[in-house]
Amino acid sequence: MRRGETVVVATKNAGKVREFAHAFGKLGMEVVSMFDYPDLPDVVEDGVTFAENARKKAREVAEALGMPVLADDSGLEVAALGGDPGVYSARYSGEGATDARNNEKLLRELARVSNGGESAERLSDGTKLLSEARFVCTLALYDPATGTFTESEGYVSGSIMESPRGESGFGYDPLFWVNSESKGMAEMTKEEKQAIGHRGRALADLLQKLEV
Ligand SMILES: O=P(O)(O)OP(=O)(O)OP(=O)(O)OC[C@H]1O[C@@H](n2cnc3c(O)ncnc32)[C@H](O)[C@@H]1O
Ligand SMILES: [Mg+2]
């Protein structure tokens with residue numbers, strides 16, 4: 001992976017594509033995704049860790065295309081739910097899961113374990129924080145010419161809010177409060193999210209390993 005080149009990202013998540021396009025765009029690199037290769041078969045994400053799934057997505061697509069491919073496997077770990085939804089974040093609400101349904105399920109599950117949340121911390125406007133949580137992102141770049149992986153990971157800690165705020169980002173961002181920034185993840189610009197977020201941190205680590 002070099003400056004000026006095109007990066008193939010093995011993702012069908014439009015939110016991830018936007019974030020990678022922003023980050024790589026600053027390096028003069030264009031991003032293409034699985035939206036540009038609609039005929040490639042879906043990769044079955046049956047790994048039990050983020051890293052396993054990232055490696056599988058990168059390798060299968062790289063072998064199909066005969067070129068290096070980057071994959072991202074990520075998710076949300078919620079302390080009060082014992083680390084759920086974790087690697088199941090995309091499919092949390094079951095068949096036909098959407099971001100909206102996943103967020104609803106997250107609030108439902110937290111309501112079940114919180115005893116009404118009377119002892120919960122609150123933001124200055126009274127919004128309850130239901131649990132500590134963190135986003136995880138693992139990245140894997142696979143080069144079929146050499147059969148090698150380059151991998152990295154990134155994390156960001158925060159709390160789950162009882163109600164959504166902000167319009168940017170995707171997935172669980174509207175319910176994620178970033179303690180260190182005193183802001184909701186969906187209230188941040190792409191630039192801000194890249195600077196402090198799990199994906200931005202994992203990408204910075206990967207680029208350093210690749211000496212890009
Ligand atoms: O596998 P691909 O095609 O990349 O797309 P996906 O959406 O299925 O992605 P994952 O398998 O990695 O599942 C990650 C889920 O975790 C959530 N997630 C990951 N990164 C996030 C972020 O930056 N902000 C909010 N939610 C995120 C989101 O709901 C994703 O669907
Ligand atoms: Mg997926």
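Of the 212 residues in this chain, 37% come out as buried. The model is a predicted one, and every value that follows is computed from it. On overall dimensions, a compact globule of 212 residues would be expected to have a radius of gyration near 17 Å, and the chain has 17 Å, so the two agree. Laid along its principal axes, the C-alpha trace spans about 55 × 35 × 25 Å. As for how the chain folds back on itself, take the contacts between residues at least 6 apart in sequence: 56% of them join residues at least 24 apart.

The secondary structure amounts to five helices and eight strands. Reading along the sequence gives the pattern β-α-β-α-β-α-β-β-β-β-β-α-α.

Strand E3 is a good place to start on the details. E3 is mostly covered, with 10 of its 10 residues buried. In a regular strand, side chains alternate between the two faces of the sheet. For E3, one side carries Val-69, Ala-71, Asp-73, Gly-75 and Glu-77, the other carries Leu-70, Asp-72, Ser-74, Leu-76 and Val-78, and both sets are buried. The charged residues Asp-72, Asp-73 and Glu-77 are thus on the buried list along with the likes of Val-69 and Leu-70.

E3 pairs with strand E5 (residues 128-143), the two running antiparallel and joined by 10 bridges. Two of the facing positions can be picked out: Val-78 sits opposite Ala-133 of E5, and Asp-73 sits opposite Thr-138 of E5.

E5 has further partners. Strand E6 (148-161) pairs with E5 in the antiparallel sense over 14 bridges. Thr-138, which faces Asp-73 of E3, has Glu-153 as its bridge partner in E6. The hairpin of E5 and E6 has four residues between the strands, and in it Gly-147 takes a positive phi near 70°. Strand E4 (residues 121-122) also runs antiparallel to E5, joined to it by two bridges, with Glu-121 opposite Leu-129. In that hairpin there are five residues between the strands, and Gly-126 takes a positive phi near 95°.

Asp-143 belongs to E5 as well. This residue counts as partly exposed because it has 16 C-beta neighbours inside 10 Å, where 20 or more would be needed to call it buried. Leaving aside residues up to four places away in sequence, Asp-143 touches Pro-68 and Thr-148. Val-61 lies 82 residues from Asp-143 along the chain, and the C-alpha atoms of the pair are separated by 10 Å.

Ligand 1 brings E3 back into the picture. The ligand is surrounded by 21 residues, and the closest are Thr-11, Asn-13, Ser-89, Ala-90 and Gly-171. The elements giving two or more residues to this shell are strand E3 (69-78) and helix H3 (99-113). E3 supplies the largest share, five residues. By character, the shell divides into five nonpolar, eight polar and eight charged residues.

Towards the end of the chain comes helix H5 (residues 198-210). At 1.5 Å a residue, its 13 residues should span 18 Å, and the end C-alpha atoms are indeed 18 Å apart, so the helix length agrees with expectation. The buried residues of H5 are His-198, Arg-199, Gly-200, Ala-202, Leu-203 and Leu-206. An α-helix has 3.6 residues a turn, so residues three or four places apart point the same way. The buried positions of H5 pack against quite a list of elements: helix H1 (14-25), E3, E5, E6 and helix H4 (190-196). Just past the end of H5, Glu-211 takes a positive phi of about 55°.

Helix H1, one of those packing partners, contains Arg-18. Arg-18 counts as partly exposed because it has 16 C-beta neighbours inside 10 Å. Some 8.6 Å separates its C-alpha atom from that of Lys-190, although Arg-18 and Lys-190 are 172 residues apart along the chain.

Note on methods: Residues numbered from 1 in each chain as written. Chains lettered and ligands numbered in written order. Predicted model: local features only at pLDDT ≥ 70, side-chain atom pairs only at ≥ 80, totals over all residues. Rg over C-alpha atoms; globule rule 2.2 N^0.38 Å. Buried ≥ 20, exposed ≤ 12 C-beta atoms within 10 Å, placed from the backbone. Contact = placed C-beta atoms within 7 Å. Near = placed C-beta within 6 Å. Pairing = 2+ DSSP bridges. Expected span 1.5 Å × (residues − 1).
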